[in-house]
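User: I am new to this structure and would like a close look at one part, the cysteines. Please take me through them in a single connected answer.

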Amino acid sequence: MLFNSLVFGLFFVVFYGVYILTMRRLVLQNAWILAGSYFFYGWWDWRFLGLLGGLTIVNYLAAEFIDKDGDAKGRPWLIFAVAANLSILGFFKYFNFFIENAVLGLNSIGVSASPLTLQIILPVGISFFVFQGLGYVIDVWQGRTKHASLFDFALFQAFFPQLVAGPIERSSHLLPQLQRLRSISPELVAGGMWLIVWGLYKKIVIADNLAPTVERIFDNYQNVSSGDLFLGVFAFTFQIYCDFSAYSDIARGLARLMGIRLMLNFQLPYIALSPSDFWRRWHISLSTWLRDYLYFPLGGNRHGQWKTSRNLMLTMLIGGLWHGAAWNFILWGGYQGLILLVQRGLSGIRSTLFGTTEPRRTGILLVPFQMFGMFLLTMIGWVFFRANSAEQAFYFLTNIGVDFSETTAQTAINILWTISILIVVDVFQALRMNQSDIPSFSTVPRAIIFGVLICIMLIFGARIPTEFIYFAF
Amino acid sequence: MPTTSINWHHIIASTIGAVLIVIATNIFMYAYLRANPVNEGLSRVYDKWAYLNALETGADWILLGDSSCTTGLQPALMEKRLGASVINLCTIADTGLTHDAWMLQYYIKRFGAPKGVIVARVFHEWDRTRDDLRPLVDDIPLPREEWGNFIPQMEFSWQWKLYQKFRPFTVLYDKSLSVAFLMRKIFKVANRSEKRRDSLEQRLSFIVRNKGFVPEARANPDRVRAEAQALLKQHSGKPFYISPDNVDALKTMASLADKKSFAFYIMNSNVPDVIVKDDGMLAFYADMALVMQRLISANGKGRFIGQNPPAFAAEEMENIDHVIGKKAVKKFSNAVVDEVLGNPVR
């Protein structure tokens, strides 16, 4: 069930009607959310409801034993939970990838091996709900969150607005909201409506309209001009941002209508000034998850330069692999790790020369140049992310240029036209340093903004609902 | 930008305001597009009806049919050889024979029966049904009471009728391509081919001057060759099929010809030359002639002409249906006149 489909609209109207009617009865309302969430997930493939339910029980039991046995005795249960979650993720997502590469590796050293490839269907959103559930078990073990009842945990694990593409919620943030009576304030509803409308706009007007251009260029990359290659990457840079942040926005908007605040997942990532700044703004729920549950446990930056670099690179490689079982995602993760390390290296030099790791105050005039530089670095990263093979990524990076074909100018105009309102909104939000201003505009400007966005969606919105890119992750 | 402390009144008022903006924009665009259709297909239908309405006197011969006829048959060339006045009321493929029958009835209602009617349609659209016409009917610039009474009558479901009531409020979605085109024009980001679109007045003035003939400008031989191969695969050696909807409309026009005593020709319209070089297609055309003759032989006023249709090199065509250039238009117009003169109706 896609957020941008009529069937979801009908589902949510019915769901929300009953939700409102049960406002004062927490158990009933939560049971309704749980039923709605399982219905929502089962709409794709009811067979995977067992997987969702099974993982819920496994994680709950592990947390239950950890809670009873305490830190030291609970450790085996933690290991069990980690192993169970990663095994399931590994089987569904990485089995074929590892088998294929193992066979290739063996063949390359002269050992004959034939590939065993299973027809494994990837359960939608598995990476998201596995990480969310695992985060809960670790939080209980570390005492960061109080162990919840099976019912509450099942709700936390399956909460439908963010079930299949995040934000990956923390138990300490979402669980308490699910465990208490909620109220729906005008401020929450206004914010929620804005997030839903803006999210839909980004998905159906921007991402889905950029998709054909991106596909055309990436599928025919050897037959297009170097300027077109640049435009293909530029268009994908906005397609991926709008597609993914749209899902997060709609998820947060829907939750707000229900009186629940989900965490911010994107904070104007393309105005980042450095790689570390980018990761504070892009897919925040994943980057903080990786930081808290992987980078810090590996030792973080506490054990010298080499180990810090190793931890950082490992974290980013796993972050890349999280996106999918393919070498291009690993390359993308490696690239992100590399530019973060370069940034750390430059900070080290700065520290030696100037006695501070903080960037020198270069003045506001240089900020746009820093931003532009980081934007270009981000674009290079997206080449790895979008490419179908390492060869294709290499071709893009070595052939990209400003050589125009007959259609390049028109393509550029179409892309700029498509993203124009996004740029206006994001620049406005960046200047105000606030993403919640627009919902609190007074009546007339708010009505005009909503009216105009809806009109544009009706005219330019993609007609056939397409899946969000991150569903595949 | 002014901000406010949010309350329920504010949310309700801004939501109603947004809905009103959407409704008002839809109604405005509905009215605008009714008067200024920008979709080429729709505008062709609209323009030809507007032309028919604008005519002060009728003509001796009228041409009906699809875009092969709109772009390929030039009345001025045909008039000299027929020794009679000719107008081109042809539209597009989607309209089908039902729409031709309606136009003919409206013409007769306004001016009485002509001396002759030629309906020219390409061979590969006879299997179409009235479903293709359904989305176009609301763009006929006549009250529905007018065309709705012509035969063959079209059945409209209650959902369709209900939907028509809401059309003024769904134009942004319904006619999104037209609205998008207008917006791109306003913001000057339309591409070169789009910028060439003329206003309704300019189009109508051109149509009146050329008696309904609207030539194509660009040859596209690669496209023609590719489309011709696809057509061959689809039709070569296969039996000819005409849909019951087209049979119905054909019989209606033939019976009108009989009743009002005018010559009625069904012309197998132009094709790329590769088509007529194919034996399987010649067999197809022979079958087509048999079926057509059987359908209109009951009266003496109907004729099927162009069993082997006028053929053109790929370089003389814009697509498999449209010829381009004066030479090709002259050849096609003359071929039709030759067929008419060679098959007189007494």
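Analyst: A good place to start is Cys455(A), which is buried because its relative accessible area is 7%, under the 20% that sets the limit for that term. This is a predicted model. The sulfur of Cys455(A) has its closest cysteine sulfur in Cys242(A), 20 Å away, and that is too far for a bond. A disulfide needs the two sulfur atoms within 2.5 Å. Seen from the other side, Cys242(A) is in no disulfide either, with the sulfur of Cys455(A) as the nearest one. Cys242(A) is also buried, as its relative accessible area is 0%.

Chain B holds a bonded pair. Cys69(B) and Cys90(B) form a disulfide, and 1.9 Å separates their sulfur atoms. The two cysteines are 21 residues apart, and their bond links distant parts of the chain. Cys69(B) belongs to helix H3 of chain B, residues 67–72. Cys90(B) sits in the loop that runs between strand E2 (86–88) and helix H5 (96–111) of chain B. The torsion about the S-S bond of Cys69(B) and Cys90(B) is about 40 degrees, so this disulfide is right-handed. Both ends of the bond are covered: Cys69(B) counts as buried because its relative accessibility is 0%, and Cys90(B) is buried with a relative accessible area of 0%. Over all chains, the count comes to 1 disulfide.

Some background on the chain that carries this bond may help. Chain B has 16 helices and 7 strands. Its radius of gyration is 23 Å, close to the 20 Å that the globule rule gives for 346 residues, so chain B is as compact as a globular protein of that length. The C-alpha trace of chain B spans about 85 × 45 × 40 Å along its principal axes. Of the 346 residues in chain B, 53% count as buried. Among contacts in chain B with a separation of 6 or more, 81% come from residues 24 or more positions apart. Chain B exposes about 15,900 Å², and 55% of that is supplied by carbon and sulfur atoms.

To return to the cysteines: Cys69(B) and Cys90(B) are joined in a disulfide, whereas Cys242(A) is in no disulfide and the sulfur of Cys455(A) is too far from its closest cysteine sulfur for a bond.

Terms used:
Residues are numbered from 1 along each chain as its sequence is written. Chains are lettered from A and ligands numbered from 1 in the order in which they are written. This is a predicted model: local features need pLDDT of at least 70, side-chain atom pairs count only at pLDDT 80 or more; totals for chains, interfaces and linings use all residues. Side-chain values use heavy atoms; hydrogens and water are left out. Helices (H or I, at least four residues) and strands (E, at least two) are DSSP runs, numbered from the N terminus. Buried means under 20% relative accessible area, exposed over 50%, partly exposed in between (1.4 Å probe, protein chains only). The radius of gyration is taken over C-alpha atoms; the globule rule is 2.2 Å times the number of residues to the power 0.38. Contact means heavy atoms within 4.5 Å. Accessible areas come from the Shrake-Rupley method with a 1.4 Å probe; for residues, only the protein chains shown count as cover.
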